[in-house]
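This briefing is meant to be read with the sequence and the coordinates side by side. It takes up the sheet, the salt bridges, the nonpolar cores and the backbone in turn.

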Amino acid sequence: MMLCRQAMLLIAVTAISATEAFTSPRCTNNVVKNLRTCHYSTRTKQSWSELINETADIDSPSRIEFISPLLQDGYPPAVKEYERVSSDPKPILLYLPGFDGTILAPFLQFPALGEEFDVKAMQVSMDDRSTFEDLKDAVINFLVQECIYGRMGETYELYLMGESFGGILATEVAAALQSNTQYSNFVRLQGLILVNPATSYLRSELYRLGPPIANARWLRPIEIIPYIFGLTTKLVPLFLDEGLAIQQLFTILSSKGLPAVVNTPQREAYMGRVAVTLASRLNFMPKDTLKWRLTEWLEWGNAVFEDRLEVLQSGITEGEDDLGMLRLSREVKTLIVVGEFDKTLPSLDEANRLAAEVFRNNVVHVVTGAGHASTCGGTLNLMQLLRQVYPEVNGYRRTNYDVGTTEWKPRADLRGLVPRYDYAKIGLSPLLYWSSDFYEEWKDDEERRDRFKSRGYLEGKNGVFGWIGEFTLALRKWITP
C-alpha cells in the first residue's frame, strides 16, 4: 500500500513538471531593471525526479543544506522522539534564514517549538552564490523529498517561517505551494510566519548603507580594511537593539532571570551549548558575497514580491505562481512578527502594509524593545504566540515531549525575561552542558561531525566536554544524593 502511494506521488510530480512553466519576474522595480535585462522568458521545469537526483549530488555543507537543529545540538527530547519513530508525526515548521544564511537568530525558540513541530531549518554557507530562484527551487525540492522519503509518501502539514530575507523567500515558496492543487499530494500549507520580512528592503537603511560598502573599490591588498570598517561601524549597528539584548545577557549571567522559553534544565543546557560554541558558528561574510546577496537575493526578491503585489491589486494573473499568490493572500493565515526598534528595515510600517494590502487573514505581533536581530530573542515566546494564532497546534503531542512549567509574561524589572524556572541563585554549570542528563548524541550526526574536526575533539558524547560533563554529573550526584 505504501509503495502504491509513493508511486502515485511520483506520477503526480511528473504531471506537475510536465505542465508547469516558470516565468521570470517582470521587473517592475527600476533598480532591478538596471541590474539586468528583464523580459518574459518561459522554460519547462525539470521533472521532480531529476531535481531530486540533482540535489543529492550537491555537497550541501558548502552550499545549501536543510537540517534538524535540535537533533544536531543533541537536545535529548528531540533525539528520543526521533529514535522512537512515531506513526503520527508532527507538522513540520521550516525556518528560512536572513541573508546571512545562519539559523542563530531564533535558536532560543527551537526547543519550545519542538513541543508541537518537527523543526527544520535551511542554512546557506557564506560562499554560496545561488540565485533567488535557486533558493526557491531548493526549498520546494526539500519539501517534496521530505514527503517521499522522510514521511514515506504521507502528506504532511507545513508551517513556513521566514525571517528578514527569509520572509521574502517564504512568501514566494508559499505562493508556489498554493499555485497548483497537485502540491497538496505532498504538503498542506497551514500557516505562514514572517519575522521582520525584508519586503521593505528598498525603503530601508540597509539598502541605503549596504550597497556602497559592498561596491566600494580599493587596492586589493588593503581592500579588506575599509570593508571591515564599514561593516562594523555602519551595518552591524543596524541589526542591534537599544541595548535590550545586553541587559538580558547580564540578567541571565546573574541568574536573576531567563527567557520564558528556557524553562527546563535541558533547555538551559541547550542554550549554554550554543552560546559556548557561538564563535565557531559565526562566519565572516566576504565582500563579494555581500554584494551578491544584496543584489541577487534582496533586490531581486523585492522585485518579485512587488510583482506579486501588482497582481493582487489588479486581479490579473499571468501564470500559476500569480494564482498561487492570490490563494495565499486569501486562504492562509499569516503571522507577522516585528521588532519595535528594528533599524535595519522599516518593519513596523511594513507589517501594516502587508496586513492592509497583501494578507487578508493576518495577525501582527510587535516584540517590545527588540531590534532586527533580537526579535526572536529572549523576550519572545514564539510557541505561546503560535498556539494563540493557530489553535489547531495546541497540545499536539505535549505528553511525549519535554514541556516547561512556566508561561509567565515578561517582566520589565527583568528586562523582558521571566524568573528562573527553579528559582536557583546560581545557574546550571557549564561543565554539565554535555553531560548525559542534558545532552544526547544524535547517531546520524557522526558523519557530519567528522567534517568539523573541532567538534569531534571537543563536543559530543565522546569529546572533551562530554568527559568533563560526565565527571561533573557523577560528582554532583555523589555530593547531593
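Is Arg-203 buried, partly exposed or exposed? With a relative accessible area of 46%, Arg-203 is partly exposed, and the residue belongs to a salt bridge with Glu-350 that is described below. The model is a predicted one, and the points that follow should be read with that in mind.

**The sheet**

- Seven strands form an open sheet in the order E3-E5-E4-E6-E7-E8-E9, and the pairing within this sheet is mixed.
- Strand E3 (64-67) and strand E9 (362-367) are the edge strands, each of them pairing on one side only, while the twist from one strand to the next averages 20°.
- At the E3 edge, E3 pairs with strand E5 (residues 118-124) in the antiparallel sense over four bridges, and within this pairing Glu-65 has Gln-123 of E5 as its bridge partner.
- At the E9 edge, E8 and E9 run parallel and are joined by six bridges, with Ile-336 standing opposite Val-364 in E9.
- The chain passes from E8 through H16 to E9, and the resulting β-α-β crossover is right-handed.
- Helix H16 (residues 347-357) also packs on the sheet, where it touches strand E7 (187-195), strand E8 (333-339) and E9, and the direction of H16 makes about 165° with that of E8.

**Salt bridges**

- A search of the whole structure finds 18 salt bridges, among them the three pairs described here, each of which links distant parts of the chain.
- Glu-350 and Arg-203 form a salt bridge in which the closest N and O atoms are 2.4 Å apart; Glu-350 lies in helix H16, whereas Arg-203 lies in the loop between E7 and helix H9 (205-215), 147 residues apart.
- Within that pair, Glu-350 counts as buried because its relative accessible area is 0%, whereas Arg-203, at 46%, counts as partly exposed.
- Arg-267 and Glu-115 meet through their side chains in a salt bridge with an N to O distance of 2.7 Å; Arg-267 is in helix H12 (residues 265-276) and Glu-115 is in the loop between helix H6 (110-113) and E5, with these positions 152 residues apart in the chain.
- Both partners of this pair are buried, Arg-267 with a relative accessible area of 1% and Glu-115 with one of 4%.
- Arg-267 and Glu-115 are also members of a network of salt bridges that links them with Glu-116 and Arg-387.
- Asp-128 forms a salt bridge with Arg-63, the closest N and O atoms being 3.8 Å apart; Asp-128 is located in the loop between E5 and helix H7 (132-150), and Arg-63 in the loop between helix H3 (48-56) and E3, 65 residues apart.
- Asp-128 is buried, with a relative accessible area of 0%, while Arg-63 counts as partly exposed at 34% relative accessibility.

**Nonpolar cores**

- In soluble globular proteins, nonpolar side chains tend to be buried together.
- Here the largest nonpolar core has 68 residues, and Leu-158 and Leu-160 are those with the most contacts inside this core.
- When residues up to four places away in sequence are not counted, Leu-160 touches Leu-94, Leu-96, Ala-170, Val-173, Ala-174, Leu-189, Gly-191, Leu-192 and Ile-193.
- Another core, of 43 residues, lies apart from the largest one and has Tyr-95, Met-161, Leu-335 and Leu-382 among its members.

**Backbone with positive phi**

- Most residues other than glycine have a negative phi, and most peptide bonds are trans.
- Ser-164, which is not a glycine, has a positive phi near 60°; this residue is found in the loop between strand E6 (156-163) and helix H8 (165-178).
- Ser-164 counts as buried because its relative accessibility is 9%, which is under the 20% cut-off for that class.
- Arg-415 likewise has a positive phi, of about 60°, although it is not a glycine, and Arg-415 sits in the loop between helix H17 (382-389) and helix H18 (446-450).
- At 36% relative accessibility, Arg-415 counts as partly exposed.

Notes: Residues numbered from 1 in each chain as written. Predicted model: local features only at pLDDT ≥ 70, side-chain atom pairs only at ≥ 80, totals over all residues. Heavy atoms only, no water. Pairing = 2+ DSSP bridges. Helix = DSSP H or I, 4+ residues; strand = E, 2+ residues; numbered from the N terminus. Axes fitted to C-alpha atoms, helices over the stretch in contact; angles between N-to-C directions. Contact = heavy atoms within 4.5 Å. Salt bridge = Lys/Arg side-chain N within 4 Å of Asp/Glu carboxyl O. Buried < 20%, exposed > 50% of the residue type's maximum accessible area, 1.4 Å probe, protein only. Right-handed = clockwise from strand over helix to strand, strands pointing away. Core = buried A, V, L, I, M, F, W, Y, C linked by side-chain atoms within 4.5 Å.
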